[in-house]
Structure formats: C-alpha cells, structure tokens
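Reader: I am new to this structure and should like to understand the terms used to describe it. Please explain each one as it arises.

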Amino acid sequence: MKDRYRIVVIGGGIVGCSVLYHLTLRGMTDVALIEREDLTAGSTWHSAGGFHAMNSDTRIAALQKYTIGLYPDIEREGGRDIGLHLSGGLVLAGTRERWRWLRSELAWLRAQGIDAYELSPDEAAEMVPIIDPSGLAGAIFDPLEGNVDPNGATHAYAAAARKRGADVILHDRVLSLTRTGGSEWRVETEKGAITAEHVVNAAGLWARKVGRLVGVDHPLVPMVHHYLVTDDIPQVAAIEGDMAAVTDLEGFTYLQREGNGVLLGVYERNPRHWAVEGADWDYGRELFPPELNRITPELSIGFQRFPVLNGIGIKRWVNGAFTFTPDGNPLVGPVAGVPNYWAACGCMAGFSQGAGIGLALANWIADGDPGTDVFGMDVARFGPYASNDRYLREMTAQFYARRFVMAYPNEELPAGRPLKTTPCYDTFRELGARFTVNWGLEVPMYFAPSIDFAETSTLGRSNADPIVAEEVAAVRNAAGAYEIAQYARYEVTGPGSERWLDHLLSSRIPSVGNIRLAPMLNARGWLMGDLSVTRLDEDRFWLTGSYSLQDWHGRWFERNLPNHGVEMRNITDHRMGFSVSGPGSREIVQRLTPDDVSDEAFPFLAVREMDVGSARAVVGRISLTGELGYEIVVPTDLHRTLLHELRAAGEDLGLRPIGDRALDSLRIEKGYGIWSTEFRQDRTPGMSGLDRFVAFDKGEFIGREAALRERETGARESLVLLELDATDEDAAQDDGIWFEGRCVGSVTSGAHGHHVGKTLALAYIDRAVAEPAPELSVFVLGEPKTARILLEPPYDPKGHRLRDIAG
Ligand SMILES: Cc1cc2nc3c(=O)[nH]c(=O)nc-3n(C[C@H](O)[C@H](O)[C@H](O)COP(=O)(O)OP(=O)(O)OC[C@H]3O[C@@H](n4cnc5c(N)ncnc54)[C@H](O)[C@@H]3O)c2cc1C
C-alpha cells in the first residue's frame, strides 16, 4: 500500500472491482481498491449471480448488454473461472394482458438487436421440463440471460485490474474522508492514511455511511431478499448443458439451474427493509434466518408453476440484503458541492450492471463525461427529497413489491405521495385534477369532470382520453391555463453574466426584454439542456429548464461558473405561475393588467415585468401549445391568487385548466420536442433540430467545435414526426421503427393528436432513411403499425397562430 494514489475505490464487491478494472482499462493505473474485509464481503458473495439485458431505460439496457458481453474477456484476462452460463432465459406470461405486454417487450428486445423470440406454453415447458404450462398465455426467450459465479467474477475483475497495475488492499476499513489543504482527499484507513485525488464510493450495503463521511446522504437502502437451492431434480439432471433461466412474472419468482437442482428466488409483495442507515461496520458474511411466513404466498405460486419442487428437498436457504434506490437503478457519478467524490452504489443488479457502471464512471473521471447518456443511473437524477426516510422506505418497498407486477403506462403509483405540492394543489383537487409526479412534485395530468371518475389502467388509450380531448379543444378554440411550477428557474446576475451565458449557451444572448431558446451543449456537442434565456435587465437573466434536472443542471453550472462576476441562484421554489394559451389568451391577460399586451406592444418572444391581477409578474410571450400564449410567473405566495384571478377573468371566454396530457397532445401536433424524450444528453443540435437556435457565427461557446463538425458532416439521425395507422393505442418511448427488415430508429413520444384527429409520434430515425421519407413500420404493443413521416406538423405548419399572424 502506497500513501498516495490518484484514485481510491472504496469497496471490493462486484461494482468496486469492475470500477477498478475499468479505470485501468482507461489507462488510470495509479489506483487502489480498499476493502474492509475480503472481496465480495457485502451483498456480492451470496448473490444468485443472474444477469439479463432488459431494463425499462434503453440506455441502461445497453450498458447491461455491455456487462454481459464483457464476461468472457474478464474470465480470460483475470485468469479465473467465473462460472459463466449464458443459458438464455424464458419470461412467462400468466394472463392475456401480460402476454400483450410481453410481446411489446419482445419487439423492444428485437429493436435492441437481441435475437429474442416467442414460444407457446408447451414449447416453454419443452425447453424447461419442470414448468407446468397450464394457465400460461405464452413466453418469450431472451438469449442474453444467464448467470455467473459471483465470487469468481468479482475476483476475475480484481485480478485483471491488478495485472494492469492497480493495488487491491484487503482487511482495511476506510474510517474517514477529509479534504487536504489542496484539492485532494485524505483517506484515513485502519492501516494508515492515503492521499488521493479522487475517491469512489462503491461501498454497497455501507454506501450510505460512506456517503455521510463527506456529507452526502445517498437515497439508497438495504432490503432483504430470499432464494432457495434445491437438491437434485431428475428432469434437470437429464438436461445436457445449460438450462434456460425462467422468470414467472405472475408467480413473483425467478429460477435458474444450480448444479442438478435449481435456485428459486422470490420477489414478495410484503418486503422488508434492513439497516436503513447502512449495515454495521462489523457485519460479516452473515445470512438472516429464512422468513417463510413472509414469503409463503409467493413461494406457493412458485411451487404451482414448478410442481416438481413439492417433492424435492431444499439444500440451502439464502436470505441476505442488497441495496435499492427509489427507482431501482444505481447511483453513479459526481456529486455537486463535493469535488472528486464519485458515487458507484445503490446497485441492485450488480451482475447485470457492474461493467456498465465501471465503464461509465471510468469515462467520466477520464473525460469529464460518462461517454453516453446515463441519466437513468446518474446520482443527480434525484433531489434531496429522495433521501428522506419515509419517502425512501415507501418508494423502495413499492419498487421491490412491484418488481414483477405489470406496469401500465397510465398507472399512477401511490408511494411517497403527495410529497411536494404547489399552493394550487387543493384548488386543483376541487377542480377534479388527477395528478402525476415529477421530481416529487404533484403535477395535474387532467381535470376530471366528476369526483367519481376513475381512470382504468390500460395498455391502450384510456377512458380519460375524452377529457384530454376537451382540454385540447379548449386551448385550440378558447384558452387553457397550464401550471408552470414544474419548470426550474435560475437567476443569473452580476457584471459578468452576459459573457458567461454567451459561453455557456449555444444561442445568441437576447437583448433586454426578450427571450430566446438556448440549447446548452457539452464539449462533445451533446445536449445538456433545452433552456430558454430571458433577459430582464442588462445584468439580470433567468434561465428556465426542466424541473427534474435541478441537481443535474446545478452540477453542470457549478462546474462552469467563474469565480467572480456572476451569481446564480435557483429560484424554482420561489417563482411559479401559469402558461395561458389559446386564441382567447390575450383578452384574458389584458383584463388583468393595465399594460398593453397587444402584438405591437408585446410581440412574440418579448418579456415584460408588469402587474397581472394582484401580483407583480414576469410575463413572456411564448407557448408550447402552438397557440398565442403568455407565460405569467409570480412570487410563489401569489401563485394561487393568480389562478383564481385568471379563472375569474377567463370564465366567460372558455378558459379551463389543462394538464400534462393535453400539453403532450398539443405539442406533438406541432412537432415540438421536450427534455427527457426528444432532447437528451446523447442527442445533438443537428439530430434534434435544435441547431436552428445555435449561433454558429457568434464566437466561442461550449461545444462549438463539435457542433460545427456536425454541421459539416450532417447528423446521423433526424428527429421526425410520424403519423401512425393506429386508432386505439399510442406509440411509447423506445418503440422500434423498422424499414426493409431492419430497425432504423425509435419513438421518443407518442400521443393522440386530438385536434388534428391523428395518431402521432416523434421519433429519431437514420438520416439516410428519413430523407426519402418512405413508409415505415412502428411496433406498438408488439404489433406493426404503418407510419408515414410528416414533412410539416399537421397543425398550423407556418406558426401563424403562435405568432398571431393573420392567415
Ligand atoms: C439473496 C440475493 C440474491 C441476489 N441475486 C442477484 C442476481 O441474481 N443478480 C444480480 O445482478 N444481483 C443479485 N443480487 C444483488 C447483488 O448482490 C448486488 O447488486 C451486488 O452484490 C452489489 O455489489 P456492490 O459491489 O455494489 O456492493 P457490496 O457487494 O455490498 O460490496 C461493498 C463492499 O464495500 C466494502 N466496504 C464498505 N464500506 C467500506 C469501508 N468503509 N472501507 C472499506 N471497504 C468497505 C464492503 O466490505 C463490501 O465488500 C442479489 C442479492 C441478494 C442479497
């Protein structure tokens, strides 16, 4: 052990060892891993070692695919047998509805280039003869499933890293982490102190405790999980070679071959947390006694699906703990306010995700970004609210209990809600609002006409569709008021503001009294935000962005903020308001203000500070619905008053509150993208069409060279608007798009265009395919639907209504 390393990784589980290996792979060899005990001493040693590529986030799925593909290399390089069985896996559907859902998963797997296929119940039982096929609706076979020996795989990573120059220090607990006088870490361990430029928290069951050493409270919590291993089963013993793994979704169980018997794991609906603050430091390789009462309901379903188990002895019960985050994905990356501290924790599927985490983290340390869009596992995707004990327990319990439960796209889940509400929440409830949640904030989806209205969970269009249609009609024909509390706002002030924003944003900076759409890029030319910049004064600006990106953007701003001359304040919780849009919006706003809001006095993209009703408001002439519109932002304590005043002023003009679903329909009729669907970190201005807001000729800004290069060569993909031949269901994010037998792109969002009467979707497709604009096929719920590229949006293609131009 040296007294100085460039990077210290804390924790020798599958994740820490993979991180160590990937650091060395990127040429960072002055690195050490410090492990409290022996390698695998946390969750890793008693894991079932199963892996699969499927994840509801396509980008994470790609990293899982990478993890699986790396195992043979790790085995070779580490020089250890890792017990790799790439057996493939069956996923069983126990109901017709689940089968419909599973077929869309199958289409999704194929779009990811995975050669999956469907089987009848009898074919599934032929492949794995201990399955009782009765009552099954169907099954799919995914070739990218299997399992490894957890111990062998972890040691192989460590051995491979050692060969490349890393040190692995065992039986040495990290006791404290403090800043040296410079920008380095002093890592106090049981065996002495080490100075390091970077530290990585891969402490698994102890990660919350290690985070707290640097003042970070990570939203993760250990939970208890059972599997059993049986004695030999003749039908299994008779299978030569690998046996496909089985996930019985309606049975809450997973099964894999273990010698000549099987391993059966359970995701029970009554889960249990353990050591919420992190395991005790002296917690060893201990298992908990089996809690049969708690898991019997699910286990008995498992025994029905695999009836042979009723007559077979159980060799071993494993009841151990591993960590969960509110959405089940890990926490990876740097943390704002704690330079050179990196998270690689909260991982509940180390054998599917270990290499992906290592790759992303090593890229991030080496290059300043993870090399791909890893927002789905970025530690910055949660705000401070997520570490609250009640919230964390409720969310993780819900995630665990629903791990195999069918998720409907229109289903709202109750855990941790309501958490954050705006001052209009109670009024909205009285008005019939049904809410969704964004970064802990309750956001109206639509306003139901009666208190008794209950939306049915469905894979297709729901019984709320006619309500959404009415809200869309209100905006197109009269006016709608959409709450804009779920936009984040940052105030930028100081003499250096304009210069700094000019460097940070790729657009031109507006003159006083104007707004501009301002794509923000990183050095690779990828999107870091689809912001708008509002100039309120010479040295006073507002940046407006996505509510859910506050920590993510905060980290980026912190990294780029100069030491003096510019101040930045997150004012999101202090300012909110309404976007009023539709042909009647001008008259409504005019009734509430002495200022002139006519087109001459207040043109498109202008911004004014003015009295609106009882509030001093910042009003922008901008809208996302494609109609004439005004965004009215007021101090939060006047937000509810503004709603009441708007409603009173707009009642006779047909104003109605609208929710997120109507907005989605309205924006897609105009072909407008939004963050998290069309605009993401792995998209560029050229792909997304945001290049029309980039001021290529304005001089230096972050990402300019890359954006210029892309302009010369052309983007490889294009964002297009599609019309689908579908009437009862809409396309969903990541639905694959096919042309001449190959997958040429994927959907980003789909919606029923209520006003234009079309089924629409935004999608990225290969540019070479997009340009001739052929007929395409989009797989919606696993069924191919014909789709055509629309060369212009079906609603108001020239933008006359938005700009309020006659004709
Ligand atoms: C019963 C069960 C079955 C499972 N089955 C599967 C499965 O089939 N597939 C799958 O992918 N996942 C499975 N898992 C989950 C899997 O085990 C975890 O995802 C994985 O082990 C997490 O690895 P890790 O490296 O993040 O954490 P851990 O394995 O907990 O490793 C953290 C390490 O950090 C060390 N450490 C902590 N604090 C310090 C400190 N201060 N100083 C030095 N060292 C420290 C610990 O000693 C420990 O070795 C299962 C888990 C359980 C409990």
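Author: A polar contact is a pair of N or O atoms within 3.5 Å. The model discussed here is predicted.

Reader: What makes the pair formed by Gly 50 and the ligand a polar contact?

Author: A backbone N or O atom of Gly 50 lies 2.8 Å from a nitrogen atom of the ligand. The limit is 3.5 Å, so the pair counts as a polar contact.

Reader: How do you know that Thr 44 and Ala 349 also make polar contacts with the ligand?

Author: An oxygen atom of the ligand is 2.5 Å from a polar side-chain atom of Thr 44. For Ala 349, a polar backbone atom lies 3.4 Å from a ligand oxygen atom. Both pairs fall within 3.5 Å and therefore qualify.

Reader: How much of the ligand does the protein cover, and which elements contribute two or more residues to the shell?

Author: On its own the ligand has 1000 Å² of accessible area, of which the protein covers 97%. Helix 1 (14-25), strand 12 (221-230), strand 16 (314-324) and helix 9 (350-367) each give two or more residues to the shell. There are 40 residues around the ligand, and Glu 35, Arg 36, Thr 44, Cys 347 and Phe 351 come nearest. The shell divides into 20 nonpolar, 16 polar and 4 charged residues.

Reader: Why is helix 1 called roughly parallel to helix 5?

Author: Helix 1 packs against helix 5 (residues 150-163) at an angle of about 25 degrees, and their axes are 8 Å apart. Angles under 35 degrees count as roughly parallel, so helix 1 is described in that way relative to helix 5. Their crossing is left-handed.

Reader: Why is helix 12 called oblique to helix 17?

Author: Helix 12 (residues 465-477) and helix 17 (residues 660-669) have axes 8 Å apart and pack at an angle of about 55 degrees. That value is neither under 35 degrees nor in the range 65 to 115, nor over 145, and therefore helix 12 is oblique to helix 17. The crossing of helix 12 and helix 17 is right-handed.

Reader: What is stated about the backbone at Thr 40 and at Pro 418?

Author: Most residues other than glycine have a negative phi, and most peptide bonds are trans. Thr 40, in the loop between strand 2 (31-34) and strand 3 (50-51), has a positive phi near 75 degrees. Arg 417 and Pro 418 are joined by a cis peptide bond with omega of about -10 degrees. Pro 418 is in the loop between helix 10 (389-401) and helix 11 (425-430).

Key: Residues numbered from 1 in each chain as written. Predicted model: local features only at pLDDT ≥ 70, side-chain atom pairs only at ≥ 80, totals over all residues. Heavy atoms only, no water. Near = heavy atom within 4 Å. Polar contact = N/O pair within 3.5 Å; in protein donor to acceptor, adjacent residues only side chain to side chain. Areas by Shrake-Rupley, 256 points an atom, 1.4 Å probe, with all protein chains shown as cover. Helix = DSSP H or I, 4+ residues; strand = E, 2+ residues; numbered from the N terminus. Nonpolar A, V, L, I, M, F, W, Y, C, P; charged D, E, K, R; others polar. Axes fitted to C-alpha atoms, helices over the stretch in contact; angles between N-to-C directions. Left-handed = near helix turned anticlockwise from the far one by under 90°.
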